[in-house]
Amino acid sequence: MSMDEFLKGFSKLNRQERYQRLIDMGILSKSEVQYLKSGGVQDLSLAEHLVENVVGFFQLPMGVATNFRINDKDYIIPMAVEETSIIAAASKTAKWIRQKGRISTRCLGKNIIGQIQIAKVKNLEQSLALLDKNKEHLLAVGNSVLANLVKRGGGLRDIVIRVLDREDGSSEKMLVLHVHCDPCEAMGANMINQACEALKPHIENITGETVNMCILSNLVDTKLTEIKVEIDDIDPEIGKGIEEASRFAWVDPYRATTNNKGVLNGMDAVLIATGNDWRAVESGVHAYAVKDGKYRSITRWQMQGNQLVGTLVAPIVVGTVGGVTKIHPTAQMSLKMLGVNSAEELSGIVGAVGLVQNLGALKALSTVGIVNGHMKLHAANLAIAAGAKPHELLPVQIDLQNLLEKVKRITLDDAKNILLRVRKEHEVNPR
Ligand code: MEV
């Protein structure tokens, strides 16, 4: 089956048909479909390995975003998220780009950062000189802890020293060592933390100073991912609206925060599905968004002639090996569905979904607004919240959508009233 055949009418299929297409495309096997149908991981002993005081699992819905072509490669993208309309909007916007433009990504830098803090330096000049003189030795010590990573071609690359003001009115300085490490296909948190802690006694011996703490930094501006979306021959009205929406998020932190939340709607869903640490990426994205001292949009959209061009540059540090990616069967399945060959490729996909999600939101916001589309899909949630049984869902949902068309607004009370009516009608006319 070709990708075009796969995509044809995908969003209109029922669940069983969706599974079948995924099997026909070789994206999922029959046993994986069986696993998903039975609710994914059931074995609480896996949870016991992951967290403490385990009492159960918290299940999120997982769907697939379609129509994504990134760097000329097609992807079916698993997304785990509870918010209605995120997956639909990503797929719809990706379809627009697939027809009228392209998505490209690249990685800028390879190294993650570990921080080692000397809180109050006793002898600054001497410590700086000693650390500089012993840099190669310290790198070798750190790499000896990371022997497996070194074998895979990664490892510590550099130590950069920063002198910080303590901002406590004293003349003493804080010294922070940034240990740069290429983690290859891992996110690298455990590795860099181990290396930094192993370096601690050596740094104390060499300098005579006291190390207060060691930990990775999530502001990984040494390993950025750049995403670009181009749309050709865009309707100038739509392009201008998106450009103005983007400028709004660039100049106003109140808008930037919501804009970036929308970007993370997409990014987080892929991060969760692939077992990656979405809190790490979130904190990195927000910190990078304020890099020039003002919190700004992490994305930018501009008209260039009759082309709309959007960019996103952010630290999106992910792994395809190690951590939960390795031990959670659904994360493993998601990585297989994506067919990714490297962590770089995965960070490009995550960023692309974020930028495409943003485009979908800005297009809707600057044209028809998001309420109608969102509420249409939200009608099913309202029906469930009103207490509709499975066989009552569809009639309640349809009546809610009709009401929405008429009055532009629907509430839980509307859903409850419609449900009562549906039940009454059923009493009069039982099927
Ligand atoms: C809602 O989850 C996300 C949006 O608010 C994003 C945005 O405003 O750009 C629609």
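Reader: Which residues does Asn111 touch, not counting residues up to four places away in sequence?

Author: With residues up to four places away in sequence left out, Asn111 touches Arg157, His180, Cys181, Asp182, Val220, Thr222 and Lys223; contact means heavy atoms within 4.5 Å. This is a predicted model, in which local features need pLDDT of at least 70 and side-chain atom pairs count only at pLDDT 80 or more, while totals for chains, interfaces and linings use all residues. Residues are numbered from 1 along each chain as its sequence is written, and side-chain values use heavy atoms, with hydrogens and water left out.

Reader: Why is Asn111 called buried?

Author: Asn111 has a relative accessible area of 17%. Buried means under 20%, exposed over 50%, and partly exposed in between (1.4 Å probe, protein chains only), so Asn111 counts as buried. Asn111 lies in the loop between strand 3 (101-108) and strand 4 (112-118); helices (H or I, at least four residues) and strands (E, at least two) are DSSP runs, numbered from the N terminus.

Reader: What lies 3.4 Å from a polar atom of the side chain of Asn111?

Author: The backbone nitrogen of Asp182 lies there, at 3.4 Å. A polar contact is a pair of N or O atoms within 3.5 Å; within protein, one must be able to donate a hydrogen and the other to accept it, and residues adjacent in sequence count only if both atoms are side-chain atoms. Asn111 can also be set beside Leu224: the two are 113 residues apart in sequence, and their C-alpha atoms are 9.3 Å apart in space.

Reader: What makes Thr225 count as buried?

Author: The relative accessibility of Thr225 is 2%, and it therefore counts as buried. Thr225 belongs to strand 8 (residues 224-231), and its side chain makes a polar contact of 3.2 Å with the side chain of Ser347. Among the residues that Thr225 touches are Arg106, Leu312 and Gly348.

Reader: Why is Pro253 called partly exposed?

Author: The relative accessible area of Pro253 is 32%, so it counts as partly exposed. Pro253 is found in helix 11 (residues 253-273). Not counting residues up to four places away in sequence, Pro253 touches Lys294 and Tyr295.

Reader: Which residues of helix 14 are buried?

Author: They are Thr330, Ala331, Met333, Ser334, Leu335, Met337 and Leu338. Helix 14 (residues 329-338) is mostly covered, with 7 of its 10 residues buried. These buried residues pack against several elements, including helix 3 (30-37), strand 1 (62-70), helix 11 and helix 15. Just after helix 14, Gly339 takes a positive phi of about 60°.

Reader: Which residues touch the most other members of the largest nonpolar core?

Author: Of its 53 residues, Phe68, Ile77, Met79, Ile103, Val229 and Leu359 do so. Helix 15 (residues 343-365) provides the largest share of this core, 9 residues. Apart from it lies another core, of 33 residues, among them Ile112, Leu131, Val141 and Val317. A nonpolar core is a set of buried Ala, Val, Leu, Ile, Met, Phe, Trp, Tyr and Cys residues joined through side-chain atoms within 4.5 Å. In soluble globular proteins, nonpolar side chains tend to be buried together.

Reader: Which residues are around the ligand?

Author: They are Glu83, Arg255, Thr258, Asn259, Lys261, Gly262, Asn265, Ala361, Leu365 and Ile370; a residue is near a molecule if one of its heavy atoms lies within 4 Å of it. Helix 11 gives the most to this shell, with 6 residues.

Reader: How do you know that Arg255 has a polar side-chain atom by an oxygen atom of the ligand?

Author: The two atoms lie 2.7 Å apart. Lys261 likewise has a polar side-chain atom 2.7 Å from an oxygen atom of the ligand, and for an N or O atom in the side chain of Asn265 the distance is 2.9 Å. Taken alone the ligand exposes 300 Å², and the protein buries 84% of that; the areas come from the Shrake-Rupley method with a 1.4 Å probe, and for residues only the protein chains shown count as cover.

Reader: How many helices and strands does the chain have?

Author: The chain has 18 helices and 10 strands. Of its 431 residues, 46% are buried. The C-alpha trace spans about 90 × 55 × 45 Å along its principal axes.
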